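Q: Got a minute to look at something with me? I'd like to go through it piece by piece.

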Amino acid sequence: MATKKFMYLNRRSSFGTVYAIESLEVVLIAAAFEQDVSLAFMDDGVYQIVEGQNTDGIGMKNFSKTFHALGDYDINKLYVSKESLEERGLSESDLMPLVYEDEDDDWAEKSSVKVVTNEELKAIMSEQDVCLSF
Amino acid sequence: MAQICGAEVDEEGFLVDLKDWNKDICIQMAKDDEVELTEEHWGVIDFLRDYFEEYQIAPAVRVLTKAIAKKMGKDKGNSKYLYSLFPYGPGKQGCRFAGLPKPTGCI
């Protein structure tokens with residue numbers, strides 16, 4: 001089967017709508033098909049991977065923990081819009097330390113998160129075969 | 001709805017409320033599947049429960065195999081070993097025994 005480049009674009013915050021959790025579910029299912037998968041976070045979507053989320057007060061599953069499993073699913077390209085972070089007073093240090101182990105580099109632990117400008121993100125998007133927006 | 005040891009299960013036998021899980025339920029599920037649980041089964045079941053606690057998902061078989069190899073060694077982290085313990089699939093059957101939901105991406 002030919003490999004296609006899939007990008008999942010996340011533009012909404014974690015809770016309040018089902019978009020974020022549905023996107024993550026689709027990503028995990030897609031991972032089973034061994035495609036080239038990347039995720040992008042822009043607008044309120046950047047809140048999805050902010051460190052220290054707590055859902056105790058809203059009675060929902062804290063699925064932010066699941067992002068830590070993505071490395072094991074060979075999903076290690078998480079692009080975050082620099083402008084979207086800045087507009088919300090956030091920086092890379094506010095995000096969860098999401099990592100993967102590089103098979104080709106003696107399983108060294110590397111960061112999956114890459115902060116990019118919207119201009120760079122546009123270029124990455126144009127390389128994709130499929131782009132799904134949530 | 002069907003019940004096991006007083007706990008509700010769905011049409012595929014997975015616990016409806018994950019908090020209901022206890023060892024008696026697990027043993028009863030295994031008995032219904034004609035599987036006798038050994039220390040080796042419990043090793044995988046404990047692993048699955050820890051994995052769920054940490055990541056909030058039931059791992060796909062491929063990921064489970066890799067993760068077990070890392071934590072428990074290559075002699076256990078392979079599908080032959082895992083299928084010998086859980087003939088209906090370490091993901092599907094193992095997760096059910098462990099009280100987890102059906103693995104995401106289980107196809």
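Q: Setting aside residues up to four places away in sequence, what does A:Tyr73 touch?
A: This is a predicted model, to start with. In it, A:Tyr73 touches A:Leu28, A:Ala31 and B:Val63.

Q: And which residues have the most contacts inside the largest nonpolar core?
A: A:Tyr73 is one of them, along with A:Tyr8, A:Val27, A:Ala40, A:Phe41, A:Val80 and B:Leu48. That core has 48 residues.

Q: Which elements each supply at least two residues of it?
A: From chain A, they are β1 (5–10), α1 (19–31), β2 (36–41) and β3 (78–81). From chain B, they are α1 (23–32), α2 (39–55), α3 (61–72) and α5 (92–97). The largest share, 5 residues, comes from α1(A).

Q: OK, let's stay on α1(A). Which of its residues are buried?
A: A:Ala20, A:Ser23, A:Leu24, A:Val27, A:Leu28 and A:Ala31. They line one face of the helix, because seen down the axis they fall within an arc of 135 degrees.

Q: What do those buried residues pack against?
A: They pack against β1 and β2 of chain A.

Q: How far does that helix reach?
A: α1(A) goes 18 Å from its first C-alpha to its last, with 13 residues. That is close to the 18 Å expected at 1.5 Å a residue.

Q: Switching to A:Leu85: where is it found?
A: In helix α2 of chain A, residues 82–87.

Q: Buried or exposed?
A: In between: A:Leu85 has 19 other C-beta atoms within 10 Å, and buried takes 20 or more, so A:Leu85 counts as partly exposed.

Q: What is A:Leu85 in contact with, leaving aside neighbours within four places in sequence?
A: A:Val46, A:Val80, A:Leu90, A:Ser91 and A:Val115. As for A:Phe41, which is 44 residues away along the chain, its C-alpha is 9.5 Å from that of A:Leu85.

Q: Now the two chains. How many residues are in contact between A and B?
A: 14 residues of chain A are in contact with 11 residues of chain B. The chain A side divides into 7 nonpolar, 3 polar and 4 charged.

Q: What pattern does chain B follow along the sequence?
A: β-β-α-α-α-α-α, with 5 helices and 2 strands. Its radius of gyration is 13 Å, close to the 13 Å from the globule rule for 107 residues, so chain B is as compact as a globular protein of that length.

Q: What share of chain B is buried?
A: Buried residues make up 29% of its 107 residues.

Conventions: Residues are numbered from 1 along each chain as its sequence is written. Chains are lettered from A and ligands numbered from 1 in the order in which they are written. This is a predicted model: local features need pLDDT of at least 70, side-chain atom pairs count only at pLDDT 80 or more; totals for chains, interfaces and linings use all residues. Two residues are in contact if their C-beta atoms, placed from the backbone, lie within 7 Å. Ala, Val, Leu, Ile, Met, Phe, Trp, Tyr, Cys and Pro count as nonpolar, Asp, Glu, Lys and Arg as charged, and the others, Gly among them, as polar. A nonpolar core is a set of buried Ala, Val, Leu, Ile, Met, Phe, Trp, Tyr and Cys residues joined through C-beta atoms within 7 Å. A residue is buried if 20 or more other C-beta atoms lie within 10 Å of its own, exposed if 12 or fewer, and partly exposed in between; C-beta atoms are placed from the backbone. Helices (H or I, at least four residues) and strands (E, at least two) are DSSP runs, numbered from the N terminus. The expected span of a helix is 1.5 Å times one less than its number of residues. The arc is that of the directions from the helix axis to the C-beta atoms. The radius of gyration is taken over C-alpha atoms; the globule rule is 2.2 Å times the number of residues to the power 0.38.
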